[in-house]
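User: Could you take a close look at one helix in this model for me, and at what it packs against? I'd also like to hear how that part ties in with the rest of the chain.

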Amino acid sequence: MQSDTSPTVALVLVGDELLSGRRRDAHLPHFAAVFAARGLTLRQVWIVGDGRADIARVLRDSRGLDCLTLCCGGIGATPDDQTRQAAAEAFGQPLEVHEDGRVLLESIYGERAYPHRIRMVEFPRDADLIPNPVNQVPGFSIDRHHFFPGFPEMAWPMAEWVLEREFGDVDDDAALVTCRLGFRGVPESDLIPLLDAVGARHPKVKLSCLPSMRDGFPVEVGATGRLADATVAIDDFRDESLAAGLTPHAIEAAEASS
């Protein structure tokens, strides 16, 4: 078990190319590591195609989580880019040209901002701009939801700007790590009493049990939390397993949680 001691975040990834396999998603492993380094728990991830109704439905669901949500993809000006429109629908706001966005876009493109590029700053009313350090075309924020292009080269620095404003600088003491033990020849079911007992004693840590078909360590037990908490919990689990006649093997002292 685990208490709700760390802030939670959610991730929405948009694009038919992700569902078809034409593009391999790079956002999830990147953001999982970024969140863990900040002590943030990734609560849920959606991967959705370019359909406006589907994106709007996912955004309505994400609003129900009441946590910071990052959304990557679909905010361009081509017909398959439907995230801006879906956000307007999900948040019940009309889609309109953001005035500061208009000024910015005209400073970049001049008359070439019309008639098509201007769509890139059509955002739900009351949205705020997110600066884009790569090509200056902004993303937008509304109600703790933050929208970026699908390109990692743009989305990642834009997201870092949002995270710094929301949570401040990275605090190494807040990072979430996973301490791990491996068991050979031990059925997963034999570990359940230990997981229950140790988990109850360490509510700030999340215990996990991952069976594997590979050689080596067929069952891996992890303790995820802040380093001090995770270390104490995994040491407790080691002691309990030895007392039960089981032989644990340390895999790594700790690794960044992802």
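Analyst: Here is a walk around helix α2, followed by the links that lead away from it.

First, the setting. This is a predicted model, so everything below is computed from predicted coordinates. The protein chain has 258 residues, and buried ones make up 44% of them. Its secondary structure comes to eight helices and twelve strands, and the C-alpha atoms fill a box of roughly 75 × 35 × 30 Å along the principal axes. Take the contacts between residues at least 6 apart in sequence: 71% of these join residues at least 24 apart.

Now to α2 itself, which spans residues 27-37. Which of its residues are buried? They are H27, F31, A32, V34, F35 and A36. The cover over them includes four strands and a helix, namely β1 (8-14), β2, β3 (68-72), β9 and α6.

Of those neighbours, α6 deserves a longer look. The axes of α2 and α6 come within 12 Å and cross at roughly 25 degrees. Angles under 35 degrees count as roughly parallel, so that is how α2 and α6 are described relative to each other. The crossing of α2 with α6 is right-handed. On the α2 side, the contact is made by H27, H30, F31, V34 and F35, and these meet P152, A155, W156, A159, E160 and L163 of α6. Sorted by class, the contact has eight nonpolar residues, two polar ones and one charged one. Several of the α2 residues in this contact, including F31, V34 and F35, are also on the list of buried residues.

Keep an eye on E160, as this α6 residue is part of the contact with α2 and also forms a salt bridge with R38. The N to O distance in that pair is 2.8 Å. R38 sits in the loop between α2 and β2 (41-48), while E160 belongs to α6 (residues 152-167), so the bridge spans 122 residues of sequence. Buried or partly exposed: what are the two partners? R38 has a relative accessible area of 9%, so it is buried. E160, at 26%, counts as partly exposed.

The stretch after α2 has another feature to point out. G39 follows the helix with a positive phi, near 75 degrees. Then there is L40, which lies 7.6 Å from L176, C-alpha to C-alpha, although the two are 136 residues apart in sequence. L176 is located in strand β9 (residues 176-183), and β9 is one of the elements covering the buried residues of α2. With a relative accessibility of 11%, L176 counts as buried.

Going on along α6, there is a second salt bridge. E166 pairs with R144, and their closest N and O atoms are 2.8 Å apart. E166 lies in α6 and R144 in the loop between β7 (139-142) and β8 (145-148), so this bridge ties together parts that are 22 residues apart in sequence. E166 is partly exposed at 35% relative accessibility, and R144 is partly exposed too, at 36%.

How many salt bridges does the structure hold? The count is 13. Away from α2 and α6, one of them joins R125 and E96, at 3.3 Å from N to O. R125 is in the loop between β5 (122-124) and β6 (128-130), and E96 is in strand β4 (residues 95-97), with their positions 29 residues apart. R125 is partly exposed at 39% relative accessibility, and so is E96 at 32%. Elsewhere, E99, R102 and E106 are linked in a network of salt bridges.

For a contrast with the α2 and α6 pair, look at α3 (residues 52-65) and α4 (residues 83-91). Their axes come within 8 Å and cross at roughly 50 degrees, so α3 and α4 are oblique to each other. The crossing of α3 and α4 is right-handed. The α3 side of the contact consists of R52, I55, A56, L59, R60 and R63, and the α4 side of T83, Q85, A86, A87, E89, A90 and F91. By class, this contact has seven nonpolar, two polar and four charged residues, whereas the contact of α2 with α6 has one charged residue.

Key
Residues are numbered from 1 along each chain as its sequence is written. This is a predicted model: local features need pLDDT of at least 70, side-chain atom pairs count only at pLDDT 80 or more; totals for chains, interfaces and linings use all residues. Side-chain values use heavy atoms; hydrogens and water are left out. Axes are lines fitted to C-alpha atoms, for helices over the stretch in contact, and angles run from 0 to 180 degrees between N-to-C directions. Helices (H or I, at least four residues) and strands (E, at least two) are DSSP runs, numbered from the N terminus. Angles under 35 degrees count as roughly parallel, over 145 as roughly antiparallel, 65 to 115 as roughly perpendicular and the rest as oblique. A crossing is left-handed if the near helix is turned anticlockwise from the far one by less than a right angle, and right-handed if clockwise. Contact means heavy atoms within 4.5 Å. Ala, Val, Leu, Ile, Met, Phe, Trp, Tyr, Cys and Pro count as nonpolar, Asp, Glu, Lys and Arg as charged, and the others, Gly among them, as polar. A salt bridge is a side-chain nitrogen of Lys or Arg within 4 Å of a carboxyl oxygen of Asp or Glu. Buried means under 20% relative accessible area, exposed over 50%, partly exposed in between (1.4 Å probe, protein chains only).
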